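Hi,

Here is the structure I promised to pass along. Please have a look, and then read on for what turned up in it.

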Amino acid sequence: EWVQDLDVVLAANDLILDSYFAKIQMERERDGGNTGEAIGARTTDIAFERTAIHLMNDNTRFQPTASSPFRRGNFDLLYNLCTQAAVHRILRQQRTNGEEMEVSSVFLRNFYVDRAEEYFDGDLPYGRADDFIDELLQTAPAVLRTNDGKTGFIDPLGAAESIIRMRNEVAMEWKETMARVQEDHTGIRQALLTDSMQYW
């Protein structure tokens, strides 16, 4: 199931920014083409359409076999873990490249750390990965001063794009790993079968 669900993660991931920009365009057209509003300073409740769970439901509806009873919860956990792994990888890469004190890195680290418990820890309602990206997209660009005196503009949209790109990489890697699970378990199954045959 997780191999199929990772395909859904990839599909949903690819729709986020298209939906975000389409909603901005609709707002501008509704407001008479006012282009003075900064990206990120939005008036709607959500920054993009939540498609992941709908894609997963559509995907499972036409399968010849029934899904496991916890499929929706498993999918949400997978989606959340992909998002968290993407943020961790970005922050690790920035540290490895000596960029951890750059304004963009400090912003992403602070944004994540301040919200990790709310979006990634413990028993959470469905859709928290999308909520995290949504809040990031709705954060207005601003000036940030780091502890070591560097000053620069934060780019929440750029940070969200980085997370979405990295989440695609994570999902692709995990999909390849999950596709090999049956092969990896062949030796274990043979050992269990051999052990059970000894008692016949």
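V3 sits in helix α1, which spans residues 2-30. In this predicted model, V3 has a relative accessible area of 27%, so it counts as partly exposed, falling between the 20% limit for buried and the 50% limit for exposed. Leaving aside residues up to four places away in sequence, V3 touches K175, M178 and A179. With A179, the C-alpha to C-alpha distance is 6.4 Å, although the two residues are 176 apart in sequence.

A179 also belongs to helix α6 (residues 156-179), which packs against helix α3 (residues 71-96) with the axes 8 Å apart and an angle of about 115 degrees. That angle makes α3 roughly perpendicular to α6, and their crossing is right-handed. On the α3 side, the contact is made by L78, Y79, L81, C82, T83, A85, A86, V87, R89, I90 and Q93. From α6 come S162, I163, M166, R167, V170, A171, E173 and W174. Sorted by class, this contact has 13 nonpolar residues, along with three polar and three charged ones.

A word on confidence before you dig in. The average pLDDT of the protein chain is 85, and 86% of the residues score at least 70. Residues 38-43 have a pLDDT below 50, and in the model this stretch has 19 contacts beyond near neighbours in sequence. Where pLDDT is low, predicted coordinates should not be read in detail.

Happy browsing, and best wishes!

Key. Residues numbered from 1 in each chain as written. Predicted model: local features only at pLDDT ≥ 70, side-chain atom pairs only at ≥ 80, totals over all residues. Heavy atoms only, no water. Helix = DSSP H or I, 4+ residues; strand = E, 2+ residues; numbered from the N terminus. Buried < 20%, exposed > 50% of the residue type's maximum accessible area, 1.4 Å probe, protein only. Contact = heavy atoms within 4.5 Å. Axes fitted to C-alpha atoms, helices over the stretch in contact; angles between N-to-C directions. Parallel < 35°, antiparallel > 145°, perpendicular 65-115°, else oblique. Left-handed = near helix turned anticlockwise from the far one by under 90°. Nonpolar A, V, L, I, M, F, W, Y, C, P; charged D, E, K, R; others polar. pLDDT = per-residue confidence, 0-100.
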